[in-house]
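Work through the following exercises with the sequence and the 3D structure open beside you. Each task is followed by a solution that goes step by step.

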Amino acid sequence: ASYDAGEHDSFMHKEMLEQPAAAERILRGRLDERFGTAHLGGLNMDARETREIRRVKILGCGSAYYVGQMGASLIEDLARIPADAEAASEFRYRNPIIEHDTLYVAVSQSGETIDTLLAVQEIRRKGGRVIGLVNVVGSAVARECDGGIYLHAGPEVAVASTKALTNMFVGFALLALQLGRVRDLSIADGQRLIAGLTRLPGQIEEILAGEDALAEMATGLAGAESLFFVGRVRGFPVAREGAQKFKEISYRHAEAYQTSELKHGPLALISTEVPTVAIVPDDELTDRNIAALHEIAARRGPLVVVTHAGVDLGDLDVRRIDVPRNERELDPILLTIPLQVLAYHAALTLGHDIDKPRNLAKSVTVE
Ligand code: G6P
């Protein structure tokens with residue numbers, strides 16, 4: 001049977017709504033509730049090798065790079081191993097130092113992105129160990145890695161990644177769990193995370209069920225020439241991914257910024273014409289985030305706030321999006337889902353070709 005968008009106006013819409021099922025697929029057979037860990041046979045590493053890892057370096061392009069930043073936080077939080085993400089397109093050009101006790105992770109939906117593939121080859125040429133978080137089975141990146149985690153998101157056609165991205169995040173959570181459980185993460189904490197992961201598909205569904213309200217907010221945002229997406233720490237890669245989606249398909253200038261850095265520059269641009277989408281989860285930074293919202297409101301910048309029920313925004317005049325609560329470590333993916341819906345409906349309002357935005361390709365296979 002040929003693969004088409006069916007009753008949906010675009011593949012992006014279809015793929016967004018497929019996310020709960022996709023997230024269930026990547027989890028299937030990989031959770032060990034008894035020992036609070038993940039089964040990831042495809043990594044090809046035993047417990048001793050896994051324990052010897054001293055650092056994790058994540059490489060990807062575009063959305064895969066941003067979700068890599070979310071993955072780095074998961075690994076640092078759960079396994080307490082220093083981790084960071086870098087654009088694969090930059091990595092090779094700074095003659096990177098390849099360490100034998102670093103685990104390199106290549107993230108790619110297609111597995112054919114040339115920049116990611118060349119980064120993998122450079123690491124292996126220098127004797128490093130690379131695993132892949134890849135969707136397309138048997139793709140070039142998957143073949144050239146030492147092992148990996150297949151994403152099982154199913155075919156993704158729209159240039160703007162949705163279900164593959166969500167499964168990348170879940171894949172990182174599984175990896176972080178396994179890395180954590182050969183170190184100091186307790187069984188109880190492992191089980192807490194597993195329970196959280198099991199709740200994710202239903203919570204994603206819940207967010208998607210709120211599409212109509214999000215569509216209405218998106219119509220407002222689509223009228224702006226320029227927008228900010230802001231977040232802090234775990235919320236910053238969420239803001240980056242939100243801005244990326246928005247600019248890719250709505251062609252509006254959308255810039256991501258750390259909320260904490262607003263006062264060091266971008267506040268100069270805030271006005272009634274420049275809306276801000278702010279990521280304000282219920283966490284240790286909520287109060288500081290709200291203080292920044294007041295700075296924006298004082299300059300009459302329109303605000304859309306992605307947050308949790310119960311976060312008290314006082315008398316701030318905002319459009320509010322509440323996402324379900326999970327474990328704090330897993331919040332980033334739930335905060336990301338409404339941003340996909342906003343970008344999609346902004347592009348729809350503007351009448352753009354949602355699946356094939358101008359100047360972009362689903363996978364960039366030439367340098
Ligand atoms: C292209 C697409 C992006 C995508 C990136 C990585 O640039 O426009 O949306 O995130 O490639 O693709 P990959 O297949 O490696 O995940």
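**Exercise 1. Which residue in β7 is the bridge partner of Ile131?**

Before starting, note that this is a predicted model, in which local features need pLDDT of at least 70 and side-chain atom pairs count only at pLDDT 80 or more, while totals for chains, interfaces and linings use all residues. Residues are numbered from 1 along each chain as its sequence is written.

Step 1. Find the two strands, remembering that helices (H or I, at least four residues) and strands (E, at least two) are DSSP runs, numbered from the N terminus. Strand β6 covers residues 129–134, and four bridges join β6 to β7, the two running parallel.

Step 2. Read off the partner: Ile131 is bridged to Gly147 in β7.

Step 3. Look at the surroundings of Gly147, where two residues are in contact if their C-beta atoms, placed from the backbone, lie within 7 Å. Leaving out residues up to four places away in sequence, Gly147 touches Gly42, Leu43, Asn44, Met45 and Ile131.

Step 4. Classify Gly147 by burial: a residue is buried if 20 or more other C-beta atoms, placed from the backbone, lie within 10 Å of its own, exposed if 12 or fewer, and partly exposed in between. Gly147 has 15 other C-beta atoms within 10 Å and is therefore partly exposed.

**Exercise 2. Describe the sheet that contains β7, and the helices that pack on it.**

Step 1. Establish the order, counting two strands as paired if DSSP finds at least two bridges between them. Five strands form an open sheet with parallel pairing, in the order β4-β3-β5-β6-β7.

Step 2. Identify the edges, which are β4 and β7 (147–150), each pairing on one side only. From one strand to the next, the twist averages 20°.

Step 3. Add the helices, using axes that are lines fitted to C-alpha atoms, for helices over the stretch in contact, and angles that run from 0 to 180 degrees between N-to-C directions. Helix α4 packs on the sheet and touches β3 (55–60), β4 and β5 (102–108), with a direction at about 170° to that of β4. Helix α6 (residues 114–125) lies across β3, β5 and β6 and runs at about 160° to β5.

Step 4. Examine β3, in which five of the six residues are buried. Five bridges join β3 to β5 in parallel, and Val56 has Leu103 in β5 as its bridge partner. Towards β4, the pairing of β3 is again parallel over five bridges, with Lys57 opposite Asp84.

**Exercise 3. Why is one side of β9 and of β12 left without a neighbour in the sheet?**

Step 1. Write down the order of this sheet, an open one of five strands with parallel pairing: β9-β8-β10-β11-β12.

Step 2. Look at the ends: β9 (253–258) and β12 (319–323) stand at the edges, and because each has a single partner strand, one side of each lacks a neighbour in the sheet. With direction ignored, neighbouring strands are turned by 20° against each other on average.

Step 3. Place the helix: α13 (residues 331–350) packs on the sheet, where α13 touches β10 (276–280), β11 (303–308) and β12, and its direction makes about 135° with that of β12.

Step 4. Check one pair of strands: β8 (residues 226–231) and β9 run parallel, joined by six bridges, and Gly231 stands opposite Gln258 in β9.

**Exercise 4. Where are Arg80 and Tyr251 found, and what is the phi of each?**

Step 1. Recall the general pattern: most residues other than glycine have a negative phi.

Step 2. Take Arg80, found in the loop between α4 (63–79) and β4 (83–87). Its phi is near 55°, a positive value in a residue other than glycine. Arg80 is partly exposed, since 13 other C-beta atoms lie within 10 Å.

Step 3. Take Tyr251, placed in the loop between α11 (236–250) and β9. Although Tyr251 is not a glycine, its phi is positive, at about 65°. With 15 other C-beta atoms within 10 Å, Tyr251 is partly exposed.
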